[in-house]
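Please describe the fold, the strand pairing, the helix packing and the aromatic contacts of the structure shown here.

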Amino acid sequence: MTLQLSQSALAAFTRCPQRFYLRFVRRLQWPAPLTGSEQEWERSLHRGQELHLFIQQAALGMDVDSLVRAAGDRQLSRWWESVIEHPPPQPEGKVYSEIELTVPLGDHRLVARFDRLIVSDSGIHIVDWKTGTPQDVTRLERSWQTTVYRFVAVEASTQLTSGEAGVRPSDIGFTYWQAEAPQAPLVLVYDEAGHEAARERITAALARIEQRLAAVEEAGFERTTDLDACRHCPYRSYCERGREAAPGQEVDADFEDADTWPADAEEDLV
């Protein structure tokens with residue numbers, strides 16, 4: 001079986017192999033809501049989509065201010081003002097918005113969808129826009145998103161640059177811009193040791209996935225023993241771990257971004 005793996009797939013597998021199996025192998029639709037405030041979550045989700053779209057449109061030279069005003073959303077307007085007043089640091093270069101890159105991973109593919117890539121004389125810079133609860137640099141540094149995005153940016157760099165050798169890991173920059181902390185963008189650095197560590201982490205996870213795929217049906221994809229991880233899992237009813245969603249709007253990280261949703265739910269929201 002050939003899989004297309006993403007940061008959200010690897011995050012789901014790390015959190016709960018059974019969740020990975022139901023979502024990315026069997027591709028089941030969600031039988032239960034993610035949160036106890038589904039309507040509010042939908043509004044938050046749509047607001048994040050809108051901000052990403054406005055940023056993309058602005059990069060294309062469109063007049064976005066009028067679109068933001070027409071949306072009539074105070075929080076979205078506040079976020080947009082922060083984008084204008086406190087833009088993330090980024091080099092001059094060719095800008096790619098909402099671009100997807102894939103690299104081979106054994107018999108599978110590893111995919112990353114970037115909010116923005118900037119190709120300059122000094123390398124490739126990644127910018128990612130976050131509209132959820134602000135995260136600290138330590139958590140983001142060890143996240144699957146950071147691991148996958150930087151690894152793919154290096155391995156697929158020849159698709160974006162004129163050099164046959166591509167770019168070195170030290171030529172990759174990564175900025176997380178968080179809407180609720182716009183004046184404190186988090187800038188991460190990368191190097192050869194970090195790249196090899198990312199390769200080892202990704203290939204080790206893939207080996208564990210392939211080992212389970214070789215087992216009889218779903219027998220190899222065990223359920224997590226951390227019941228707290230089930231509270232917002234939309235597959236919890238399959239595991240007989242509840243049907244009602246937990247209160248609040250917080251959702252696990254691998255459901256936060258657009259590229260984490262199943263195709264039938266329309267991916268590429270953050």
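The report below goes from the chain as a whole to single residues.

This is a predicted model, in which local features need pLDDT of at least 70 and side-chain atom pairs count only at pLDDT 80 or more, while totals for chains, interfaces and linings use all residues. Residues are numbered from 1 along each chain as its sequence is written, and side-chain values use heavy atoms, with hydrogens and water left out.

**Overall fold**

The protein chain holds eight helices and six strands; helices (H or I, at least four residues) and strands (E, at least two) are DSSP runs, numbered from the N terminus. Along the sequence their pattern is β-α-α-α-α-α-β-β-β-α-α-β-β-α. The protein chain has 270 residues, of which 49% count as buried (under 20% relative accessible area, with exposed over 50% and partly exposed in between, using a 1.4 Å probe and protein chains only).

**The S2-S3 hairpin**

Strand S2 (residues 94-105) pairs with strand S3 (residues 108-120) in the antiparallel sense, over eleven bridges; two strands pair if DSSP finds at least two bridges between them. Two residues lie between S2 and S3 in this hairpin, and Gly 106 in the turn has a positive phi of about 65°. Glu 100 has Arg 113 in S3 as its bridge partner.

Asp 115 belongs to strand S3 and is buried, at a relative accessible area of 9%. Its C-alpha atom is separated by 4.6 Å from that of Glu 98, although the two residues are 17 residues apart along the chain. Glu 98 is in strand S2 and also counts as buried, at 15% relative accessibility.

**Positive phi outside glycine**

Glu 98 has a positive phi although it is not a glycine, and Arg 27 likewise has a positive value in a residue other than glycine. The table sets out both residues.

| Residue | Phi | Location | Relative accessible area |
|---|---|---|---|
| Arg 27 | near 55° | loop between helix H2 (17-25) and helix H3 (38-59) | 52%, exposed |
| Glu 98 | about 50° | strand S2 | 15%, buried |

**Helix packing**

Two packed helices are described by the angle between their axes and the distance between the axes. The axes of H7 and helix H8 (residues 192-213) come within 10 Å and cross at roughly 110°; axes are lines fitted to C-alpha atoms, for helices over the stretch in contact, and angles run from 0 to 180 degrees between N-to-C directions. H7 is therefore roughly perpendicular to H8 (65 to 115 degrees, where under 35 is roughly parallel, over 145 roughly antiparallel and the rest oblique). The crossing of H7 past H8 is left-handed, meaning that the near helix is turned anticlockwise from the far one by less than a right angle.

**Aromatic contacts**

The structure has ten aromatic pairs; rings of Phe, Tyr and Trp (its six-membered ring) pair if their centres lie within 6.5 Å, and planes under 30 degrees apart count as stacked, over 60 as edge-to-face and the rest as tilted. One of them is the pair of Tyr 149 and Phe 174, which is stacked because the ring centres are 6.4 Å apart and the planes at 10°. This pair links distant parts of the chain, with Tyr 149 in helix H7 (residues 144-155) and Phe 174 in strand S5 (residues 172-178), 25 residues apart. Tyr 149 and Phe 174 are both buried.

One aromatic cluster is formed by Phe 13, Phe 20, Tyr 21, Phe 24 and Phe 221. Arg 201 lies over the face of Trp 144, 3.9 Å from the ring centre; a charge sits over a ring if NZ of Lys or CZ of Arg is within 6 Å of the ring centre and within 35 degrees of the ring normal.
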